[in-house]
Amino acid sequence: MTQPDIIQTILRDSNYHLDLFDESEIQDLRQKIEGTEKPFTYCAIRKKPVQLKPEELIRQLYAARLLKRYHYPRERVRFEHLVNFGREKKRADIVILDKDRADTPYIIVEVKKPKLQDGKAQLRSYCNATGAPIAVWTNGQQISHYHRRDPNYFEDITDIPNADQTLADILSERFTLKDLILKDKLVTERKSLKDIILELEDEVLANAGVDVFEEVFKLIFTKLYDEALSYKDKGIIDYFVRQTQNTHKEHRTGVTYESDYDIIRLRAEDISDDGFRVMAFRNTGQTDTELKTKIQRLFDEARDQWRDVFPEHSTFELSDSHLAVCVSSLQDIKLFNSNLQVVDEAFEYLVSKSAKGEKGQYFTPRHVIDMCVKMLNPQPGEYMIDTAAGSCGFPVHTIFKLTGTLFTNAAIPAEDKEHVLKVFGIDFDEKTVRVARTLNLIAGDGETNVLHLNTLDYERWEDSTERNNRWVRTYGDGFDRLKALRMEQNENKSFGFDILMANPPFAGDIKESRILHQYNLTFKQNGKAHTKVGRDILFIERNLDFLKPGGRMAIVLPQGRFNNTSDQYVREFIAERARILAIVSLHGNTFKPHTGTKTSVLFVQKWNDDPSVGPLCRKVDNYSVFLAVSEKGGKDSSGDYIFLENSDGQHKLDKNGHLIVDHDLHNHNEELPDGIAEAFIEWAKSENLSFWR
């Protein structure tokens, strides 16, 4: 058995991981391992051989980091340090002693508890018992650094001080966009935004007496604005980083890096940020009241810049101390990234608290969105809409495709702006629309066509669009652009969109006869109306009405619509109006943990024999259909994402610093093997489809 196999064998079937440690740290430990049946290493702290079980392996790696990276002398580091709880005594995994008081813990590190919630509770008890002001929890995959402000609150800090720094140095250090890139928690601590929100709920939000969605939304909104203000610095960083993107993957140290992102971060370290703007969304050691005043002022600016997301004069409802804890937890997360999955996961969790899931609508995983966008191939000048927009994944990724500009804080070129304003989204959930508008405003550089409307009840749109002044003030410009695409003046049924992509709600039936009578699919062959119709069935007809002749659509549907005998009339309706291009059967875990309903994506192109009204798609009786089944959905049976790993069992990062979901829908910019999307593109070209000629 080789040494690399020994490390993987030790960690196998445990909750410990190596993501936080670089190859050189792992290799240093690997070279010191002896034995195979019961592998052991010499412990520099205890000065004796110790058997390497999962917990001990992580402790040895982190202790080595304390000595080499943070430069703590071995004499100040203790393992299994006794902590007194009256008559009871417990042992802390790692303790760094105060440099002036040799018997007093200064930093306490927990590795025994591989789950954060358990580890944090243990750390809280140790810190309260010893008075230690700093605590660290890690399982090798994630890490948390805390300042114990008082017995009630653990406040996140960017890092622990090294041996010649103080806690005050860490809190007050000058922090720019460059630092945010290098110290982004999503990369350095391998946490998700949802993880951090869950931790905040446990720490302060659950008992704060506020609307959690509103307060977290305000914080994220403000944080995005703060990052956006550093757009000039982002341009400088991008310029220098671009110089490295075509180089080989071997750095000057001779270490070979698995990811382009490793090289990009190394390149960013070399950039001088002396003239960079200092980030404002930070807790820098001022009083809680001073911090709240600063963050409220920043929110006010953001609210005025990105209008009509929050009411005028809205303020933070969190108390000063609660806000301080929240800012500390969020300040080291880089939200401006090309992958919106980070923000999606958080908002999906928050919106679900408002019972969005009961309506059967869940945010579509980004790898599914990317597959659809790649397959339908939107082009500059085409009009696109999502009629059940959620967090606007389909529209925003269409903007990415049209402009080549990812979700960064760089401005969109003026020549691309006209294409952005041809992308639309509609949703009936007001909170979700506000999230979508925020993301779309930024991705679209200040204007958006995301509208709060009930897609299915189009006969009642005028109730909002003509009689609600606040609605008109917020959505009027976008709605005017939508009206320009109506096929008939003063009628909201049919539109002239080139592309539609949607994941409509598929839980529950529509029973309101007034709405049902607007749709052909409501009526049986004998002319009598159904008393109830599946919500997604009505969306099929509604979506086809949004498309111009030759327009194309991707829609997520429950698998039953494709094979239930009772739904044959739905399939016949679709086939009469459009060519079925493809059916992609998604993996059963795709929408877990929210629902285990098996789903497929239907791709169609509306029949059209007249090239003067749209792309040709001549109506024929016999034609081929692309069929595919996803065998690797990117999630496990619990609904947790499965990420691509390297040879050491570490999660790989793409060039943007994102974890790579392991799936077979597309090749993730060649990080994965070619998938279903690439196979479809090859087939579409052979079929001479209008949008792949």
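Biologist: P593 has its place in the loop between β16 (578–585) and β17 (599–606). Which residues does the cis peptide bond join?

Modeller: This is a predicted model, in which local features need pLDDT of at least 70 and side-chain atom pairs pLDDT 80 or more, while totals for chains, interfaces and linings use all residues. Residues are numbered from 1 along each chain as its sequence is written, and side-chain values use heavy atoms, without hydrogens and water. Most peptide bonds are trans, and most residues other than glycine have a negative phi. Here the cis bond joins K592 and P593, with omega at about 10°. The elements on either side are strands (DSSP runs of E, at least two residues; helices are runs of H or I, at least four; both are numbered from the N terminus).

Biologist: Where does K47, with its positive phi, lie?

Modeller: K47 is in the loop between β1 (40–43) and β2 (48–51). Its phi is positive, at about 55°, although K47 is not a glycine. N377 likewise is not a glycine and has a positive phi of about 55°. N377 belongs to the loop between α15 (366–376) and β9 (384–386), and takes this phi just after α15.

Biologist: Is N377 buried or exposed?

Modeller: N377 counts as buried because its relative accessibility is 9%; buried means under 20% relative accessible area, exposed over 50%, and partly exposed in between, with a 1.4 Å probe and protein chains only. The helix before N377, α15, is mostly covered, with 9 of its 11 residues buried. Among the buried residues of α15 are R366, H367, V368 and I369, together with M375 and L376.

Biologist: How many residues of β17 are buried?

Modeller: In β17, 8 of its 8 residues are buried. Both faces of the strand are covered: T599, V601, F603 and Q605 are buried on one side, and S600, L602, V604 and K606 on the other.

Biologist: Which strands pair with β17, and in what sense?

Modeller: Two strands pair if DSSP finds at least two bridges between them. Strand β15 (547–558) pairs with β17 in the antiparallel sense over 7 bridges, and β16 also pairs with β17 in the antiparallel sense over 7 bridges. L602 of β17 shows both pairings: I555 stands opposite L602, and L602 is the bridge partner of I583 as well.

Biologist: What is the strand order of the sheet that includes β17?

Modeller: The order is β11-β10-β9-β12-β15-β17-β16-β18, an open sheet of 8 strands with mixed pairing. Its edge strands, β11 (450–452) and β18 (626–629), each pair on one side only. From one strand to the next, the twist averages 15°. At the β11 edge, β10 (423–427) and β11 pair in the parallel sense over 3 bridges, with V450 of β11 as the bridge partner of G425. Helix α20 (469–483) lies across β9, β10, β11 and β12 (497–502), at about 125° to β11. Helix α25 (676–686) packs on the sheet, touching β16 and β18, and its direction makes about 170° with that of β18. Contact means heavy atoms within 4.5 Å; axes are lines fitted to C-alpha atoms, for helices over the stretch in contact, and angles between N-to-C directions run from 0 to 180 degrees.

Biologist: Which strands stand at the edges of the sheet with the order β3-β4-β5-β6-β7-β8?

Modeller: That open sheet has 6 strands and mixed pairing. The edges are β3 (77–85) and β8 (153–156); each has a single partner strand, so one side of each is left without a neighbour in the sheet. The twist averages 40° from one strand to the next. β8 pairs with β7 (143–150) in the antiparallel sense over 4 bridges, and F154 in β8 is the bridge partner of R148. Helix α4 (116–130) packs on this sheet, touching β3, β4 (88–97), β5 (105–110), β6 (134–138), β7 and β8, and its direction makes about 160° with that of β5.

Biologist: At what angle do α8 and α13 pack?

Modeller: Two packed helices are described by the angle between their axes and the distance between the axes. For α8 (193–203) and α13 (320–330), the angle is about 160° and the axes are 10 Å apart. The two helices are therefore roughly antiparallel to each other; this term applies over 145 degrees, whereas angles under 35 count as roughly parallel, 65 to 115 as roughly perpendicular and the rest as oblique. L193, I196, L200 and E203 of α8 make the contact with V325, C326, S329 and L330 of α13.
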